[in-house]
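Reader: I would like a close look at one part of this model. Please take me through the nonpolar surface patch, then whatever else helps me find my way around.

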Protein chains: 2
Amino acid sequence: MSFEFSNKYLKQLSRAVEQEENEYIINEFDGMHSADISTVMEGLSAEDCKYILELLNPSVGADVISEIEDDTRNNFLTLFTPQELSKYMDNTDSDDAADILNDMPVKVREEVLASMNNNEKVQYIIDLLHYEEDCAGGLMAKELVKANINWNVSQCIEEVRRQGQNVDKIYTVYVVDDHDILLGRISMKKLLIANDLTKVADLYEPEIAKVYSYLDEEEVADIMQHYDLEVIPVINVQGRLLGRITIDDVVDVITEQAEKDQQAMSGLSEDVEETDSLIAMARARLPWLIVGMSGGLLGANFLGGFEEELSRIPAMAFFIPLITATGGNVGIQSSTIVVQSLASGGFQGSAMNRYLRVLVIAILNGLTLAALVYGFNMIFSDNHQLAIVVSFALFSVIMIASFMGTITPLVLSKFGINPALASGPFITTCNDLIGLGVYFMVAKALLH
Amino acid sequence: MSFEFSNKYLKQLSRAVEQEENEYIINEFDGMHSADISTVMEGLSAEDCKYILELLNPSVGADVISEIEDDTRNNFLTLFTPQELSKYMDNTDSDDAADILNDMPVKVREEVLASMNNNEKVQYIIDLLHYEEDCAGGLMAKELVKANINWNVSQCIEEVRRQGQNVDKIYTVYVVDDHDILLGRISMKKLLIANDLTKVADLYEPEIAKVYSYLDEEEVADIMQHYDLEVIPVINVQGRLLGRITIDDVVDVITEQAEKDQQAMSGLSEDVEETDSLIAMARARLPWLIVGMSGGLLGANFLGGFEEELSRIPAMAFFIPLITATGGNVGIQSSTIVVQSLASGGFQGSAMNRYLRVLVIAILNGLTLAALVYGFNMIFSDNHQLAIVVSFALFSVIMIASFMGTITPLVLSKFGINPALASGPFITTCNDLIGLGVYFMVAKALLH
């Protein structure tokens, strides 16, 4: 499903902006979901975006700014004065506001904060600016509804009424003590059907999942996914309630992680998108291409040592692509399975057992391919000795590449490096070289 | 974050089962989250799982069964009689129950349904069994809270009290007319702070996102992600409210899709996990290995046509790995970027513009690599003609592989095939062959 708008529609809007047809524009966006308005914006020029945004209600405008893509946003927000921005930030959820302000020069950020009217929000944002973007603290919003353990239900509902104005989706009411230490939660369902005079202390659920503010965002995602949560409270080391993380932000973390893994697997070294600048795109590709190229040149050097053999039996060169390609394919298959096991966070059983399995699978596939290639060579070639060499080398390469593919992600993960890199060009390059080495060693030993 | 339990702990539990230390077991699992119990179960034998499950409260047992991994579950559920299973299904959410029963032989399924006590649940499950697993109907649960448009708030709350027993997380109350046509929703917050006599008609939000039951699960995921929803109602073509999909199921869809894409990229042809049988693992890898092998043999055949040149200038063979590896790397990089653009569902701007960008990036990277390799060859080799051939071929291969990598995912996606396949072994094999072809054609033309 794409939420694209046609180029024709975008041009029409652009023309309306040019001719200042405000009524048409307001009508067009009336009742449209802010997520859709932000998609429209991503297809328009920064100037058009600003013009349209100013025609919208500031609270809608705030939502649109939150949901627009980072690149587009950073682009068109530079057109606003800090005073204009502050109007929107007053209406933005604290987590989004902190993310947006974090991307701005410190001076602009300070001026925006100073111009804001919503003092509670300013305090929230300042609190959030302390956290790294990729930890629980950087994901959380300060807006939530909390109730004191000593209250009764009717006081709780009063608080929902009061705090609920700032909190779009409440999900749950957190229960704290006088020092703001998180004790548990009450679901909206329980509040709704409870008697007004029931004590919070008699109603709340004390055992709930929570995360510390310093926890890595991917671990937050794992926890929320494991326990099927749509919201999780964030606490500091003393157990004080700091904020909450909602599932929509975590879904973004999961999606981004999957994209990063894909990019690691395909040898893109920076986080790039199709819309990035040409130089950024070229730069993101170059490092791994150069690694691959260096591997290729090393291979050329290595083959240089076999010049004599190659000139005597040129048919040896014919099977170079077969050997290197198979090594690469086997290595990537093996590493991907390990990477996914690591990601789903479960290796049950012993390491020994796993290596044994890898060995058996490699033998099965190695024998199959070696036999197929041997059969092919017996039929189409008259050099039987070479046929044996190729099949033997192929089998060895499959064995080694399986082992390398299994071990590399485990080693990377142990050193805190994204194991998905193990399915990328690095392993392919290594396997190319190992494959060449094995092939020519075997050939040298068996061919006379 | 992994939710593993140590082997020692699992062995201890196993021993406790053997010695029937029921009190120890019950104590151990008391208060443990069902998601964690199911993780423990995944490390135990099917017989141990059954023994432990029968010591737990049936509603906890039902949750554990829902959350346990498919493979483990299908294994140990065969130990239960249909009558034993029905006790758990009475307590399982309808969407999970339908998924579980769908994996069973029809006869067992019918017997389970016939033995269940909760007639409303039986009806729900039978309704859900009609839907394909990968559409909105297959994802939805029947449990939800709905209110008639003609009611007032106090009737609504009464309904929450009544239906709320079956619905774990309510999220929202759906508003329907007398024919069950979905009209809108009321948030729990609004219900909580509204006056008891307020009419539902005056309180509800009429414009809400909804999906048809036949919509593909990935489109459901896109919509929920786009609009930041934690729950979405499912309707039939007449607009009648059928059920609702919650975000936890959609998070699973997103994660599975990412895994499938990774597997497609790495040439695994079935959905495999490290715990699958050896034969299944070997079989999942073989098809793409054979494709790669066939490519390699085709390459060998092609090179056979150049036997004379190779025996005259054996140094030509040295650069085969460089050429094929670079073609593969460039092709995968290009296709991954397109795949991710397709996945995030947005190509703004014209197709012409995109090809122009691809062209410029390819020229930039092609020139860089060709220059580097030329420099290397000028320093370390004395065959200047060959140096020119290699660099020229490298540049051409980069241009062609970029184009192939860009176009292939677009074509696959047009034909409804997962475009992530375009970053897999198929494209690598094609690029290997194209690379070889270009290299030897250029060599034949330039070398005398």
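Author: A patch here is built from residues with over 30% relative accessible area and no salt bridge, and nonpolar side chains are joined within 5 Å. The model is predicted.

Start with the patch itself. It covers about 710 Å². Chain A supplies A:I279. From chain B come B:M352, B:L356, B:L359, B:V360, B:I363, B:L364 and B:L367. Helix α21 of chain B, residues 351–380, gives the most, with 7 residues.

Take one of them. B:V360 sits in helix α21 of chain B. Its relative accessible area is 33%, so B:V360 is partly exposed. Patch members need over 30%.

Now chain A. An unreviewed UniProt entry lists residues 286–306, 318–343, 355–374, 386–412 and 424–447 of chain A under "transmembrane region". Look at two of these spans in the model. Residues 318–343 of chain A are 96% helix and 0% strand. Their end C-alpha atoms are 39 Å apart. Residues 424–447 of chain A are 92% helix, again with 0% strand. There the end C-alpha atoms lie 34 Å apart.

Last, a hairpin in chain B. Strand β2 of chain B (residues 172–176) runs antiparallel to strand β3 of chain B (residues 182–187), and 5 bridges join them. B:T172 faces B:S187 of β3(B) across the pair. Between the strands of this hairpin are 5 residues. In the hairpin, B:D180 takes a positive phi near 70°.

Key: Residues numbered from 1 in each chain as written. Chains lettered and ligands numbered in written order. Predicted model: local features only at pLDDT ≥ 70, side-chain atom pairs only at ≥ 80, totals over all residues. Heavy atoms only, no water. Pairing = 2+ DSSP bridges. Helix = DSSP H or I, 4+ residues; strand = E, 2+ residues; numbered from the N terminus. UniProt positions renumbered as here; feature names shortened; annotations may be inferred. Patch = residues over 30% accessible without salt bridge, like charges linked within 9 Å, V, L, I, M, F, W, Y side chains within 5 Å. Areas by Shrake-Rupley, 256 points an atom, 1.4 Å probe, with all protein chains shown as cover. Salt bridge = Lys/Arg side-chain N within 4 Å of Asp/Glu carboxyl O. Buried < 20%, exposed > 50% of the residue type's maximum accessible area, 1.4 Å probe, protein only.
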